[in-house]
Structure formats: C-alpha cells, structure tokens
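Here are my notes on the model, set out as numbered points for a colleague who will want to check each one against the coordinates. Please read them with the structure open.

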Amino acid sequence: PCAVIARSDYCRTVLEPLIARHLSGGADGLWVNWEPFMYHGKGCICANCGRAFADYLGRTWASVRPDWPACAFPGGRLAREGRAFRSRLHGQMMRVLDACVRAATGGEKSLGLIPGIHFEQMLSGWRKSPLMTESLPIDFAADFRWINLWGPYLPWHSFLPYEEERGRYVGPWLVAHDLRGSIDRDYPAGHRPKILSAPQGTMPEWLTEPENFELLFDAAFFNRLEACAPWMFPVGADARYWRAFARATARAAKYEDIVLDGTDVTDRVELTAAREYAAPVKFALRNMPWAKDVPQLLVNAYEKDGVRIVAVFNCWQKGEAFVSLVCEGLADGAYEIVSDDGVLWAKSREATTYDALELEGGVSLSVGAARCRVFEIRPAGTKGPTAATRILTDATLNRHYAKRRDALRAAAEADYKISLSDINGMIRYD
C-alpha cells in the first residue's frame with residue numbers, strides 16, 4: 001500500500017497504465033467486489049510500512065523496529081494501533097486508486113471507483129462490529145462518489161423445500177432506514193457518498209421471494225438510498241420477478257420528486273393495525289442486535305407542495321393489514337386519499353374527501369400481505385402523481401374486513417405463538 005500511496009515508479013509505470021488500459025473502452029467508472037477481510041492480520045511487513053507505522057504513532061523507527069512487525073499485529077503490544085494504522089493506510093490507497101479510475105473514465109464526469117462492501121460496515125453499529133476493522137469506510141468513503149453496499153441477504157435455499165422464516169420481510173426496510181441515518185450522521189453534506197444498495201436477489205442456491213424482491217427496491221427508495229441493484233437479478237426465474245421489478249421502479253419514478261426533494265414527515269403520521277395482525281419480531285437481524293421487537297408494519301412519509309405521501313410497508317406474509325392512519329400537521333381544507341394503484345379512498349361515493357381534522361383522528365385503509373402501498377394525501381381537486389380510476393368506500397372496506405377477520409385472527413394467533421420462541425434473527429445469515 002505504501003508504494004501505491006507514494007505513487008512509486010512501479011505504480012506509475014505499471015499499475016496506473018494497466019487500470020487506464022482496461023477502462024479505455026468508454027467506461028464511466030469501475031465497480032469492484034471489495035472484500036479485503038481475508039487479508040486481516042496479514043499484509044505487507046516491509047521496512048517502508050514499518051517506518052510509516054512509526055510516523056503514524058509519532059515515534060521513531062528505532063523504537064518500533066525491534067519487534068516489527070509482530071508488535072502491530074494481533075497479540076502484539078501495539079495491536080490496536082496497528083489495526084487502525086492498516087485501515088488508515090487502506091483508505092489512503094483507496095483514494096489513489098479512485099483518482100486513477102477517475103482519470104481514466106472522464107474526470108469530473110466519472111463515477112470513480114465503486115467498492116462493493118458489506119452493509120454492516122456503514123450501519124449505525126459499525127464501531128462495535130468486528131467486520132473488516134482494517135478497511136473501514138470511514139477512512140475513505142467521504143471522498144468517494146459512490147459506495148456499493150451489498151446485503152442484507154435474506155433468501156431461502158431454493159434447492160430445498162420452501163421454509164418460511166418469520167420476520168424475514170422487515171430486514172430490507174430496517175437496513176435501509178438505519179443506513180440512511182447512519183451515513184447522514186457520519187458524513188457531512190458535500191462529503192457524503194451516494195449509496196448503491198445491493199440486497200440479495202439470487203446466488204447459486206439462494207433465492208429471494210418475488211414479494212420480498214419488490215420490497216428490496218421499495219425499502220431502498222423510500223429510505224432515500226440513491227440506487228438499488230440486487231445481487232443478482234433472478235434471470236431465468238418466473239415472470240413475477242420482472243413484474244416486481246417493474247412495479248417498484250415505476251413507483252420510484254412516480255414519487256421521486258417528493259421523496260428526494262420533499263420534507264420527511266414520518267413523525268407526523270401514525271399507523272395502528274387492527275387487532276388481527278402479526279406480533280413484532282423479537283430479533284430482526286444478526287447484524288443489528290439492537291433492533292428488537294420490530295413491528296411488521298413500517299412507514300415512511302414525505303411532503304412537498306402541499307401533497308403528502310405515506311408509504312406503508314406490510315411485512316407480514318400471512319395476511320393484509322387493516323390500519324388506521326393518522327396524519328397530523330395538515331393545513332385546514334378538504335383532502336383526497338389516492339393510493340398508488342389508482343384507488344380513491346372515500347367515506348362514500350358522495351363524500352369522497354376528508355378534512356384535516358378527520359385525518360388527524362384517523363382514517364381506515366388496507367395494505368396487502370408482503371406489500372408496500374403508497375397513499376397520497378392531497379388537496380381536493382388538485383392533480384397528484386396518481387390518477388384515481390376507481391373508488392373504495394368505507395362500507396366496502398368494512399365488508400372486506402368482516403369477511404377476512406376470522407382468517408386473519410387465526411393467522412395472527414399462530415404468528416404470536418411462533419413469536420414466543422422467535423430467534424430467527426439471531427441466527428440469520430447476512
């Protein structure tokens with residue numbers, strides 16, 4: 001790494017021309033699957049690295065040399081400092097490589113080097129994570145344009161009979177929500193990389209269900225991650241994956257302006273599920289041990305130019321969610337509620353609007369199993385992202401709820417019994 005950082009003769013005459021040659025065909029940048037954790041506790045131990053370590057410590061090379069390199073590696077007297085040093089050195093090397101890629105792929109227009117790293121490295125708990133402590137993003141990511149975060153991987157093993165895993169569907173939203181907050185805190189505006197999310201699509205025998213596949217995109221978008229490209233797309237799988245992809249991307253295109261340029265008003269909405277609903281997930285993800293008792297009904301809300309959108313995630317696989325939605329802080333006046341599938345939610349066919357006081361008291365809505373549904377609350381008579389094509393009245397919704405209530409009660413009771421011994425999240429893979 002020291003040779004790369006110093007742009008040695010080898011670096012300038014061999015490495016940099018090699019990078020430029022491989023990217024000479026019109027590339028916009030370079031994506032790499034960057035997993036250097038197999039080199040932890042290893043790496044270069046030459047005298048140049050030893051001197052750089054001494055400089056890092058503010059000591060003389062003579063004080064470090066007697067037990068170099070053992071002093072800087074696990075078990076050594078300076079092991080903690082050695083770990084931090086290698087991460088810093090790694091970060092400096094990454095900046096040089098990024099500069100090489102940019103120079104070869106358009107300069108200011110280049111996407112630069114895009115390292116694919118584990119999502120846990122940028123979660124809010126990364127400081128306590130043992131993962132990749134010698135290659136921490138905090139030591140380089142502020143100067144990068146894009147970082148690719150792969151995970152979470154929440155598949156089922158497709159070579160085996162399908163096995164349901166309770167709470168699996170809350171994972172994508174939890175991770176995206178935590179990442180957005182963590183990255184915004186760790187990296188100030190102007191020094192904040194854009195995030196390409198890469199949750200599980202398929203690998204040789206791992207496969208994500210079509211419903212969860214759609215939620216991967218929805219979770220990334222409504223939590224304001226800049227892009228999403230699952231690893232990998234289930235090519236050759238049935239058409240439900242293409243439909244899920246089309247639905248989620250069309251939804252993102254429809255609400256892009258409001259989500260990206262609007263104000264986050266999630267704290268001004270409240271969702272309450274009917275009694276016939278799933279219990280919270282005790283342990284959601286091994287990578288997020290602090291996420292406990294997570295509800296399977298999750299929400300994001302944004303507002304722009306008087307239009308508020310509420311994205312409701314029903315992460316329960318066994319049934320739809322009948323909910324009461326409370327919206328606070330709306331200006332006085334009449335409002336229409338239109339969902340992203342073109343449904344106008346109304347008290348009756350004659351009374352198709354709600355006033356701000358009624359919305360503050362709560363209105364009845366529903367969201368299908370393992371689905372994200374977006375509700376637009378907009379001033380009556382104004383044009384919104386979605387045109388209403390049909391009406392669903394309170395009476396119709398109540399009849400449907402009455403029909404489904406017994407089945408939902410039975411499913412919710414079964415879910416509760418499973419939840420009493422819910423340890424899936426503590427043993428789940430990435």
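1. A residue is called buried when its relative accessible area is under 20%. By that cut-off, Arg166 and Asp415 are both buried, and it should be kept in mind throughout that the model is predicted. These two residues form a salt bridge in which the closest N and O atoms are 2.9 Å apart. Arg166 sits in the loop between strand E4 (156-157) and helix H6 (171-186), while Asp415 belongs to helix H10 (residues 394-419), so the pair ties together parts that are 249 residues apart in sequence.

2. Helix H10 takes part in another such pairing, since the side chains of Glu320 and Arg404 meet in a salt bridge with an N to O distance of 2.9 Å, and here too distant parts of the chain are linked, with Glu320 in the loop between strand E13 (307-314) and strand E14 (321-327) and Arg404 in helix H10, 84 residues apart. How does the cover of the two partners compare, buried or partly exposed? Glu320 is buried because its relative accessible area is 13%, whereas Arg404, at 25%, counts as partly exposed.

3. The structure holds 29 salt bridges in total. Among them is the pair of Glu303 and Arg308, whose closest N and O atoms are 2.7 Å apart; Arg308 has a relative accessible area of 0% and is therefore buried. Glu214, Asp218, Arg247, Arg251 and Asp340, in turn, are linked in a network of salt bridges.

4. For the chain as a whole, the model has 11 helices and 20 strands, and the C-alpha trace spans about 85 × 50 × 45 Å along its principal axes. Of the 430 residues, 48% are buried, and the accessible surface comes to about 20500 Å², of which carbon and sulfur atoms contribute 55%. Among contacts between residues at least 6 apart in sequence, 76% join residues that are at least 24 apart.

5. As to charge, the chain carries 52 positive and 53 negative charges, and the mean positions of the two sets are 4 Å apart. On the surface, Asp264, Asp267, Glu270, Glu328 and Glu360 gather in a patch of negative charge. One of these, Asp264, lies in strand E8 (residues 263-264), and its relative accessibility of 39% is why Asp264 counts as partly exposed.

6. A nonpolar patch of about 290 Å² is also found on the surface, made by Trp31, Trp231 and Met232. Trp31 belongs to strand E1 (residues 29-33) and, with a relative accessible area of 36%, is partly exposed.

7. Which residues does His90 touch, leaving aside its neighbours within four places in sequence? The contacts of His90 are Trp34, Pro36, Glu134, Ser135 and Phe140. His90 is found in helix H5 (residues 79-104), and its relative accessibility of 8% explains why His90 counts as buried.

8. A last point concerns Thr249, which is placed in helix H8 (residues 240-261) and is partly exposed, given its relative accessible area of 32%. Thr249 and Ser324 are 75 residues apart along the chain, and their C-alpha atoms are separated by 27 Å.

Notes:
Residues numbered from 1 in each chain as written. Predicted model: local features only at pLDDT ≥ 70, side-chain atom pairs only at ≥ 80, totals over all residues. Heavy atoms only, no water. Patch = residues over 30% accessible without salt bridge, like charges linked within 9 Å, V, L, I, M, F, W, Y side chains within 5 Å. Areas by Shrake-Rupley, 256 points an atom, 1.4 Å probe, with all protein chains shown as cover. Salt bridge = Lys/Arg side-chain N within 4 Å of Asp/Glu carboxyl O. Lys, Arg positive; Asp, Glu negative; His and termini not counted. Charge placed at Lys NZ, Arg CZ, Asp CG, Glu CD. Helix = DSSP H or I, 4+ residues; strand = E, 2+ residues; numbered from the N terminus. Buried < 20%, exposed > 50% of the residue type's maximum accessible area, 1.4 Å probe, protein only. Contact = heavy atoms within 4.5 Å.
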